[in-house]
Amino acid sequence: MITDSFGRAFPYLRLSLTEACNFRCTYCLPDGYKKTAPHDFLTVQETVHLAQAFVRLGVQKIRLTGGEPSLRRDLPTIAAAISSLPGLSTLAMTTNGYNLKSMAKAYVQCGINALNVSIDSLDPKKFELITGHNKLHMVLDGLDAARAEGIHRLKINCVMLKGLNDDEWPSFLAFVRNQKISLRFIELMRTGENAEYFARHHYSASEIERRLVREGFHLKPRGPNDGPAKEYVSPDFKGSIGIIAPYSRDFCTTCNRLRVTARGQLRLCLFGEFGHDLRPLLMHHHQQAELMTTIRRLLAGKSAAHQLQNGVTGLTPHLASIGG
Ligand code: SAM
Ligand code: SF4
């Protein structure tokens with residue numbers, strides 16, 4: 001397993017397939033996706049070379065993300081090739097769920113075995129206000145379709161937003177009371193383009209945790225391979241609630257993931273100042289050894305922690321550019 005100079009191991013790669021998105025989430029792409037450069041995203045072959053090198057370096061889980069990964073027409077081909085790599089146990093995807101109902105079967109067939117679906121509100125009107133689309137029912141139908149096709153590792157991502165969805169506690173709790181699902185509250189992160197929005201809508205993760213404890217939830221002990229999410233459970237609820245708290249002190253010490261953008265830049269930190277271009281090493285299979293050596297060398301330079309709490313958002317204008 002690859003490790004950095006602080007002894008952190010990296011079994012998990014987040015691989016962005018595209019920067020494009022069909023939603024207009026107010027904290028991410030409020031004006032919709034604007035094409036600012038040609039869509040020269042990694043090809044199927046380049047993506048497979050990249051994934052193969054990371055798997056050989058000990059990565060066991062790859063998450064396909066974006067932008068909206070389901071907008072890539074060749075997604076099933078990419079997923080089928082990656083999921084068959086020996087040593088990979090989980091091929092996950094994070095999606096806004098727009099295409100989930102029609103694509104659930106195809107996802108299973110190409111080896112996707114875990115899904116995170118983003119749902120910021122369970123109220124159709126608010127869902128539309130936040131995402132720009134009146135599609136909550138379609139996304140919820142997509143979840144049912146995924147379950148029916150046998151994907152049981154399902155998580156819901158929900159960005160908690162002051163003044164927008166923080167009054168939805170009763171519905172969020174009802175959602176996890178009787179179904180075995182993990183609802184993950186993500187603390188809004190400040191990015192290069194959302195400073196004003198952040199100031200208005202940031203809701204602290206510690207407040208979410210206090211509310212959960214008041215509702216009778218308790219923190220599940222961390223497993224040895226767990227990442228930064230904290231998982232809360234309660235005997236009265238079949239589902240669980242995860243908290244992603246990027247501003248908390250111990251967030252970076254539990255970092256277990258690397259990221260590669262849709263154009264093949266390795267990002268050692270979500271909020272780092274630099275990307276490292278791996279694309280020149282993705283052309284041929286015989287470049288694998290050099291690619292693996294390069295990744296190992298770059299990882300040695302990963303810093304201990306981000307500086308997000310000091311307003312340093314790094315290269316990231318919005319999370320659609322890197323995949324969250
Ligand atoms: N389009 C897909 C989706 O929305 O699920 C995948 C990409 S999206 C960038 C990945 C996750 O990042 C989503 O759950 C989204 O809600 C979250 N996200 C985007 N911008 C964020 C921000 N500024 N703070 C916290 N989470 C954010
Ligand atoms: Fe698109 Fe996901 Fe960003 Fe929403 S959060 S705009 S769905 S990339």
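The following exercises, with worked solutions, concern a predicted model.

**Exercise 1. The central sheet**

Determine the order of the strands in the open sheet and identify which strands stand at its edges.

*Solution.*
Step 1. The open sheet has twelve strands, in the order S7-S8-S9-S6-S5-S4-S3-S2-S1-S10-S11-S12, and its pairing is mixed.
Step 2. Strand S7 (218-219) and strand S12 (276-277) stand at the edges; each has a single partner strand, so one side of each is left without a neighbour in the sheet.
Step 3. Mixed pairing can be followed at S9. S6 and S9 are parallel and share five bridges, whereas strand S8 (residues 230-233) runs antiparallel to S9, with three bridges between them.
Step 4. In S9, Gly 242 stands opposite Arg 184 and also opposite Glu 231.
Step 5. S8 and S9 form a hairpin, with six residues between the two strands.

**Exercise 2. Two strands inside the structure**

Establish whether the residues of S1 and S9 are buried or exposed, and describe how they point.

*Solution.*
Step 1. The side chains of a regular strand alternate between the two faces of the sheet.
Step 2. In S1, Tyr 12, Arg 14 and Ser 16 lie on one side, Leu 13 and Leu 15 lie on the other, and all are buried.
Step 3. Because five of the five residues of S1 are buried, S1 is largely enclosed by the rest of the structure.
Step 4. In S9, Ser 240, Gly 242 and Ile 244 point one way, Ile 241 and Ile 243 point the other way, and all are buried.
Step 5. S9 is likewise largely enclosed by the rest of the structure, since five of its five residues are buried.

**Exercise 3. The buried sides of two helices**

Find which residues of H2 and H6 are buried, and explain why they are on the same side of each helix.

*Solution.*
Step 1. An α-helix has 3.6 residues a turn, so residues three or four places apart point the same way.
Step 2. Helix H2 (residues 75-83) has Leu 75, Ile 78, Ala 79 and Ile 82 buried. These residues cover an arc of only 95° around the axis, and therefore lie on the same side of H2.
Step 3. Among the elements covering the buried residues of H2 are strand S1 (12-16), strand S2 (61-65) and helix H3 (100-109).
Step 4. Helix H6 (residues 169-177) has Trp 169, Phe 172, Leu 173, Phe 175 and Val 176 buried. Their arc around the axis is only 150°, which puts them on the same side of H6.
Step 5. The cover over the buried residues of H6 includes helix H5 (136-148), strand S6 (182-187) and strand S9 (240-244).

**Exercise 4. Leu 64 and the nonpolar core**

Locate Leu 64 in the sheet and in the largest nonpolar core.

*Solution.*
Step 1. S1 and S2 run parallel and are joined by five bridges; Leu 15 stands opposite Leu 64 in S2.
Step 2. Beyond four places in sequence, the residues that Leu 64 touches include Leu 15, Leu 75, Ala 79, Ile 82 and Met 93.
Step 3. The largest nonpolar core has 99 residues, and Leu 64 is one of those with the most contacts inside it, as are Phe 54, Ile 62, Ile 82 and Phe 185.
Step 4. In soluble globular proteins, nonpolar side chains tend to be buried together.

**Exercise 5. The surroundings of ligand 2**

List the residues that surround ligand 2 and state how they divide by type.

*Solution.*
Step 1. Cys 21, Phe 23, Cys 25, Cys 28, Leu 29, Gly 67, Asn 96 and Ala 320 surround ligand 2.
Step 2. This shell consists of six nonpolar, two polar and no charged residues.

Key
Residues numbered from 1 in each chain as written. Chains lettered and ligands numbered in written order. Predicted model: local features only at pLDDT ≥ 70, side-chain atom pairs only at ≥ 80, totals over all residues. Heavy atoms only, no water. Near = heavy atom within 4 Å. Nonpolar A, V, L, I, M, F, W, Y, C, P; charged D, E, K, R; others polar. Buried < 20%, exposed > 50% of the residue type's maximum accessible area, 1.4 Å probe, protein only. Helix = DSSP H or I, 4+ residues; strand = E, 2+ residues; numbered from the N terminus. Arc of directions from axis to C-beta. Contact = heavy atoms within 4.5 Å. Core = buried A, V, L, I, M, F, W, Y, C linked by side-chain atoms within 4.5 Å. Pairing = 2+ DSSP bridges.
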